Protein chains: 2
Amino acid sequence: MTNFKIRPLEITDYDKGYLNLLSQLTTVGEIHKDKFEENFNKLPECHKLFVIEDVTRNTIVSIGTLIIETKFIHNCGKVGHIEDIVVDRNIRGKGLGKMIVNYLSKLSNDYGCYKCVLNCTNDLIEFYKKCNFNYNGCEMSLYY
Amino acid sequence: MTNFKIRPLEITDYDKGYLNLLSQLTTVGEIHKDKFEENFNKLPECHKLFVIEDVTRNTIVSIGTLIIETKFIHNCGKVGHIEDIVVDRNIRGKGLGKMIVNYLSKLSNDYGCYKCVLNCTNDLIEFYKKCNFNYNGCEMSLYY
């Protein structure tokens, strides 16, 4: 696993397959480099995007986001929200999913969050249990 | 309902019962005015906290948060996350919950989000269905 390096998303990751990998999760659309850079530059400080790079191939193989929410409850506590976890489908089963989720949940703890949460489909419950998450309720959504 | 006004949280809402109302949701702890103001001032732009004030009593009767998340998926799309909805238990059944949830989900749409999401316990699914949300998956959490 020494060829896999976890680090924050960099603006040059456009050329390392970041959007291709994201398109394994859902629709991405046609995002040219300038639009990618514009969106990258407007990400707020509390949105922390990470990648795992296969440094032998200069390619992004896993990605994940952590949003730090500042609340008033729990003594002005903070909550970490994990979003958009993807592992390249050609390289699954090597523990990269656990590696990025565990990294983000530890980071959330390091930022002083009292909990970390994420939403997933039923078939991923067992995976997230292995990452020390427990079922806590429902996600409801409204699409425009 | 003309005495109920919905508006962004203001720093002076400390004296209008904001934290008392929040304590109906969960533990708040002892937050003095200076700590409230410090936390208020460090809320990032993408965290939008709203209240409903009963202007005849200068009292906050409902609260809710909308976090705007900037993503790369869906053509650099945005997602609204609704958090920490509370209606004063002494004034429930008047439609204030629907009023604040509908306001935040419309605001999320106005900000260009392609969807709005929230997490809740099973007993609140029917309420959120009345606000046009649908069941979409599980919430998993890790407490530190």
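Entry 1, cavities. For this search I take a cavity to be a set of grid points where a 1.4 Å probe fits but cannot get out. I am working on a predicted model, and in the whole structure the search returns 3 cavities of 30 Å³ or more.

I looked first at the largest cavity, whose volume comes to about 100 Å³. It is lined by 13 residues, and those closest to its centre are Tyr18(A), Leu49(A), Thr65(A), Asp84(A) and Phe72(B), so I noted that chain B contributes to this group as well as chain A. As for elements, two or more lining residues come from each of α1 (18–22), β2 (47–54) and β3 (59–70) of chain A, and also from β3 (59–70) of chain B. The largest share, 3 residues, belongs to β3(A). Sorting the lining by class, I get 6 nonpolar, 4 polar and 3 charged residues.

I then turned to the second largest cavity, with a volume of about 90 Å³. From chain A its lining includes His81(A), Ile82(A), Glu83(A), Val117(A), Leu118(A) and Asn119(A), and from chain B it includes His81(B), Ile82(B), Glu83(B), Val117(B), Leu118(B) and Asn119(B). The elements that give two or more residues here are β4 (78–87) and β5 (113–120) of chain A, together with β4 (78–87) and β5 (113–120) of chain B. By class I count this lining as 6 nonpolar, 4 polar and 2 charged residues.

Entry 2, how the two chains are related. I laid chain A on chain B and found an RMSD of 0.0 Å, reached by a turn of 180° with a shift of 0.0 Å along the axis. The two copies are thus related as by a two-fold rotation axis. I also asked which residue of chain A comes closest to that axis; the residue is Cys138(A), whose C-alpha lies at 2.3 Å.

Entry 3, the interface. The contact takes 63 residues from chain A and 63 residues from chain B. The area buried between the two chains is about 5600 Å², and carbon and sulfur atoms give 57% of this area. Within what chain A buries against chain B, I find that Phe72(A), Met140(A) and Tyr144(A) supply 18%, more than any other three residues. I checked whether the two chains use the same or different surfaces: 100% of the interface residues of chain A are also interface residues in chain B, so the copies meet through the same surface.

Entry 4, salt bridges. Over all chains the search of the whole structure finds 24 salt bridges, and across the interface of chain A and chain B the rule finds 4. I wrote down the pair Glu83(A) and Lys71(B), whose side chains meet in a salt bridge at 3.0 Å, N to O; Glu83(A) had already appeared in my notes as part of the lining of the second largest cavity.

Inside chain A I followed the salt bridge between Glu53(A) and Lys16(A), where the closest N and O atoms are 3.1 Å apart. This pair links distant parts of the chain, as Glu53(A) sits in strand β2 and Lys16(A) in the loop between β1 (4–8) and α1, 37 residues apart.

Notes. Residues are numbered from 1 along each chain as its sequence is written. Chains are lettered from A and ligands numbered from 1 in the order in which they are written. This is a predicted model: local features need pLDDT of at least 70, side-chain atom pairs count only at pLDDT 80 or more; totals for chains, interfaces and linings use all residues. Side-chain values use heavy atoms; hydrogens and water are left out. Copies are superposed by least squares on the C-alpha atoms of residues with pLDDT of at least 70 in both. Contact means heavy atoms within 4.5 Å. On a 1 Å grid over the protein atoms alone, a cavity is a set of points where a 1.4 Å probe fits but cannot get out, and a pocket is an open set with protein on both sides within 12 Å along at least five of seven lines; lining residues have an atom within 4 Å of a point. Grid points are joined across faces, edges and corners, and a volume is the space filled by probe spheres set on the points. Helices (H or I, at least four residues) and strands (E, at least two) are DSSP runs, numbered from the N terminus. Ala, Val, Leu, Ile, Met, Phe, Trp, Tyr, Cys and Pro count as nonpolar, Asp, Glu, Lys and Arg as charged, and the others, Gly among them, as polar. Buried area is the accessible area (1.4 Å probe) that two parts lose on being put together, summed over both.
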